[in-house]
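Colleague: I am new to this structure and should like to understand the reasoning behind the terms applied to it. May I put some questions to you?

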Amino acid sequence: MAKKSNFLMYKGKPLVRNGKTVYYGYMSDPYVVIMQITSTREVKGVEVADRVVVQLVNTDPTVRMKDKIVKKAERKGLYSAMDIGCIWLERELKETA
């Protein structure tokens with residue numbers, strides 16, 4: 001029996017976590033956001049992201065690896081990282097449409 005995969009969705013786009021890396025957006029779109037959790041801290045017994053590196057990445061396989069990262073920033077907390085990443089992704093997808 002085939003397993004149906006349901007991704008967590010945020011503002012209509014999939015949000016997938018693999019270890020300390022979070023991918024936001026469809027890989028079939030021209031751009032996606034990659035968030036790498038570089039440090040964590042404990043809050044009331046729960047480990048939460050403290051420092052997050054946010055990158056807007058071009059998904060075109062013909063683009064050189066050096067040119068794939070369109071924008072990059074570091075934010076404190078996952079909420080701030082998601083906020084800026086979502087804004088960047090929406091703007092780039094709007095411009096390419």
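Modeller: Please do. By the distance rule for salt bridges, the count comes to 6. Please bear in mind that this is a predicted model.

Colleague: Why is the contact between Lys 20 and Glu 47 called a salt bridge?

Modeller: The closest N and O atoms of Lys 20 and Glu 47 are 3.9 Å apart. A salt bridge requires a side-chain nitrogen of Lys or Arg within 4 Å of a carboxyl oxygen of Asp or Glu, and therefore the pair of Lys 20 and Glu 47 qualifies. This pair links distant parts of the chain, 27 residues apart: Lys 20 lies in the loop between strand S2 (13–18) and strand S3 (21–24), and Glu 47 in strand S5 (residues 46–58).

Colleague: Is Glu 47 to be called buried or exposed, and why?

Modeller: The relative accessible area of Glu 47 is 57%. Exposed means over 50%, so Glu 47 is exposed. Lys 20, at 43% relative accessibility, counts as partly exposed.

Colleague: What makes Lys 76 and Asp 50 a salt bridge?

Modeller: Their side chains meet at 2.9 Å, N to O; the cut-off is 4 Å, so the contact between Lys 76 and Asp 50 is a salt bridge. Lys 76 belongs to strand S6 (residues 69–76) and Asp 50 to strand S5, 26 residues apart. Lys 76 and Asp 50 are also linked with Arg 41 in a network of salt bridges.

Colleague: How do you know whether Asp 50 is buried or exposed?

Modeller: Asp 50 has a relative accessible area of 15%. Buried means under 20%, and so Asp 50 is buried. Lys 76, at 48%, is partly exposed.

Colleague: Why is Arg 64 placed in one class of accessibility and Asp 67 in another?

Modeller: The boundary is 50%. Arg 64 has 51% relative accessibility and therefore counts as exposed, while Asp 67, with 39%, is partly exposed. The side chains of Asp 67 and Arg 64 meet in a salt bridge of 3.2 Å, N to O.

Colleague: Turning to the sheet, why are S1 and S6 said to stand at the edges?

Modeller: The open sheet has 6 strands in the order S1-S2-S3-S4-S5-S6, with antiparallel pairing. S1 and S6 each have a single partner strand, so one side of each is left without a neighbour in the sheet. From one strand to the next, the twist averages 30 degrees.

Colleague: How do you know that S3 and S4 pair?

Modeller: S3 and strand S4 (residues 31–43) share 4 bridges in the antiparallel sense. Pairing requires at least two bridges, and therefore S3 and S4 count as paired.

Key:
Residues are numbered from 1 along each chain as its sequence is written. This is a predicted model: local features need pLDDT of at least 70, side-chain atom pairs count only at pLDDT 80 or more; totals for chains, interfaces and linings use all residues. Side-chain values use heavy atoms; hydrogens and water are left out. Helices (H or I, at least four residues) and strands (E, at least two) are DSSP runs, numbered from the N terminus. Buried means under 20% relative accessible area, exposed over 50%, partly exposed in between (1.4 Å probe, protein chains only). Axes are lines fitted to C-alpha atoms, for helices over the stretch in contact, and angles run from 0 to 180 degrees between N-to-C directions.
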